[in-house]
Amino acid sequence: MSQQNKPLAAPPKTLFQKIKLALYVIFFILLYAWCFSGIELDTSKIKESLPVAGRIISDIFDVEWSFIPEDEGVIDNMFMTIAIALLGTTIAATLAIPFGFLAATNMSKKNRWISSVGKRILNVIRTLPELIVAIIFIVAVGPGPFAGVLAIGFHSIGMIGKLYSEAIENMDESPMEAMNACGANRIQTLWFSVLPQVLPEFMSYALYKFEINVRAASVLGMVGAGGIGTPLLFALIGHDWNRVGAILIGIILVVMAIDTISGAIRKRLV
Amino acid sequence: MSQAQKKIKPPSKLKYTIAFLILAALYVVSWRGVKGDIGELIDGLPNIGDMMAQLWPPDFNYFIEILDPMLETIQMAILGTTFGALLSIPMILLASSNIFGRKVVLITRAILNVTRTIPELLFAGIFVAIVGLGPFAGIMALTLFSFGIITKMTYESVETIDPGPLEAMTAVGANKLQYIGFAVVPQALPAFVAYVFYTFEVCVRASAILGLVGAGGIGLVLNTALAMYQYTHVASIILFTLIIVILIDTISTRIREKLI
């Protein structure tokens, strides 16, 4: 009994573990030393910047209300932003379906390489930030909201496709087997046993990505791809903080409203 | 039996018809609003090919030239994520309903939700005005950005930890600090570290574009190249960013897989 009362000590670390730990510590110290060496930090500048920060923040709160209903103002541009996100997400949600099936491991059991190729493709699509994709599409179709739609539509395939493939991997496979057993062909199997199961989840994921895309679309204008980002960039460059405040209110309200609505719909879907 | 079958009516399709009509109307309005034109896309796609074709033969001198801003991008991402992670620790605890009371949790989450709606580029633009052009503004923007992501993801996993140790700590009369230190932290730490690495991946991407508003990194070079219509340089920067992001994603994902 008395032996059991002894506090349990962790087993002593072996030499190998100690060396490994030390190497990790050294690695992180060097890593952070390298990071800080690249960044010049001028402490006198920080003191100078504090009153500037105070003035900017108070200016942001002193909202330029007249810019909100103005022609080409916050309301107009927020509608454009939502339109870009809506169209882009829809394009991606549709194009992602074949990619989702391609990347799902249970859709190609005999040839495992197919799904790993599919997953690899989706990863690469996701890699580039939306803004850079937008720049690429501006080269194709010129500046404007259409380039933004295409950028969102392309970039979102990556994440939506990945979520789709996970939904397909998690579904119940017995209806599929039943269809197979009664001699259905592949298309019939997909249509009657796979789609009915995964469709609610697909829609839920597309809505979730739509929420994210509204945020993304609000900065696309900064590279000339339409929406609220364009007036935002001009206001930032011109240090027109009252206008930044008005735009900020627009973004915060719209994003929160869309999150709430879309979240409520998603709860009912799945 | 036949009577019972008769009673079952197919569910009304009215709801779906209305939803469909609203959606269709939204699409028409949106498509007109953004001035969508498939023909323009088909005509313009070769332009992308032309831009990418200019990458061959690759101009290695230019890659060396943009190596420094690329490294700066990574430094910004590392520091931003680190500061964001440190800031997030108290907020995670305050936002978890199994640690603090309803009121505290609701207020904390409201603050978090507002922080997360603000785009990182806007933060960057404001910080550039405050501390001047350069990576320091970028680090501050990434700090707030990663803070929002890490807090949100971690408090959700803190709320699903095993309540057993929590009850045990309460039963032996532990104070709040002991409660957190011995029952919450050991359970939540692996998830927290994994989320920090995930956020780091997101931050590298974000960091690459912060330069568009003057907050340092490769985006600054990209902005200059765009303004001067040097599309060969634009293509090189995009390719380089792609390589670096894939590299960092691969390493970071390996580490995350080991953690959980």
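**Helix packing in a two-chain model**

Visitor: Which residues of α6(B) and α8(B) meet?

Guide: In this predicted model, B:Leu112, B:Thr115 and B:Arg116 of α6(B) meet B:Leu144, B:Gly148, B:Thr151 and B:Lys152 of α8(B). By class, the contact of these two helices has 2 nonpolar, 3 polar and 2 charged residues.

Visitor: What makes B:Gly148 count as polar or nonpolar in that contact?

Guide: Gly is placed among the polar residues, so B:Gly148 is counted there with B:Thr115 and B:Thr151. The nonpolar residues are B:Leu112 and B:Leu144, and the charged ones are B:Arg116 and B:Lys152.

Visitor: How do α6(B) and α8(B) pack, at what angle and with their axes how far apart?

Guide: Helix α6 (residues 102-117) of chain B and helix α8 (residues 135-158) of chain B pack at about 130 degrees, and their axes are 9 Å apart. An angle must be over 145 degrees to count as roughly antiparallel, and roughly perpendicular covers 65 to 115. The value of about 130 degrees fits neither class, so α6(B) is oblique to α8(B). Their crossing is left-handed.

Visitor: Why is the pair α10(A) and α11(A) described as parallel or antiparallel?

Guide: Their axes cross at roughly 150 degrees and come within 8 Å. Since 150 is over the 145-degree limit, α10(A) and α11(A) are therefore roughly antiparallel. α10(A) passes α11(A) in a left-handed crossing. The residues in contact are A:Pro231, A:Leu232, A:Ala235 and A:Leu236 of α10(A), and A:Arg243, A:Val244 and A:Ile247 of α11(A). By class there are 6 nonpolar, no polar and 1 charged residues; Arg counts as charged, so the charged one is A:Arg243.

Visitor: What is the angle between α4(A) and α5(A)?

Guide: Helix α4 (residues 74-103) and helix α5 (residues 112-127) of chain A pack at about 135 degrees, with their axes 7 Å apart. That value does not exceed 145 degrees, so α4(A) is oblique to α5(A). In this pair, A:Phe99, A:Leu102 and A:Ala103 of α4(A) meet A:Ile114, A:Ser115, A:Gly118, A:Lys119, A:Ile121 and A:Leu122 of α5(A). The contact has 6 nonpolar, 2 polar and 1 charged residues.

Visitor: How many residues of chain A are in contact with chain B, and of which classes?

Guide: 45 residues of chain A are in contact with 48 residues of chain B. Helices that each supply at least two residues to this side of chain A include α2, α9 and α11, and α6(A) gives the largest share, 7 residues. The residues of this side divide into 36 nonpolar, 7 polar and 2 charged.

Visitor: How do you know where the domain "ABC transmembrane type-1" lies in each chain?

Guide: The placement comes from unreviewed UniProt entries: residues 70-252 of chain B and residues 78-262 of chain A. In the model, the chain B span is 84% helix and 0% strand, with its end C-alpha atoms 18 Å apart. The chain A span is 83% helix and 0% strand, and its end C-alpha atoms lie 17 Å apart. UniProt also annotates "transmembrane region" on chain B at spans including 179-200 and 234-252. Residues 179-200 are 100% helix, with end C-alpha atoms 29 Å apart; residues 234-252 are also 100% helix, with ends 27 Å apart.

Visitor: Which elements of chain B have the lowest and the highest mean pLDDT?

Guide: Helix α1 (residues 2-7) has the lowest, 58, and helix α5 (residues 67-95) the highest, 94. The mean for chain B is 88, and 97% of its residues reach 70 or more. For the complex, the predictor gives an ipTM of 0.83 and a pTM of 0.86.

Conventions:
Residues numbered from 1 in each chain as written. Chains lettered and ligands numbered in written order. Predicted model: local features only at pLDDT ≥ 70, side-chain atom pairs only at ≥ 80, totals over all residues. UniProt positions renumbered as here; feature names shortened; annotations may be inferred. Helix = DSSP H or I, 4+ residues; strand = E, 2+ residues; numbered from the N terminus. Axes fitted to C-alpha atoms, helices over the stretch in contact; angles between N-to-C directions. Parallel < 35°, antiparallel > 145°, perpendicular 65-115°, else oblique. Contact = placed C-beta atoms within 7 Å. Left-handed = near helix turned anticlockwise from the far one by under 90°. pLDDT = per-residue confidence, 0-100.
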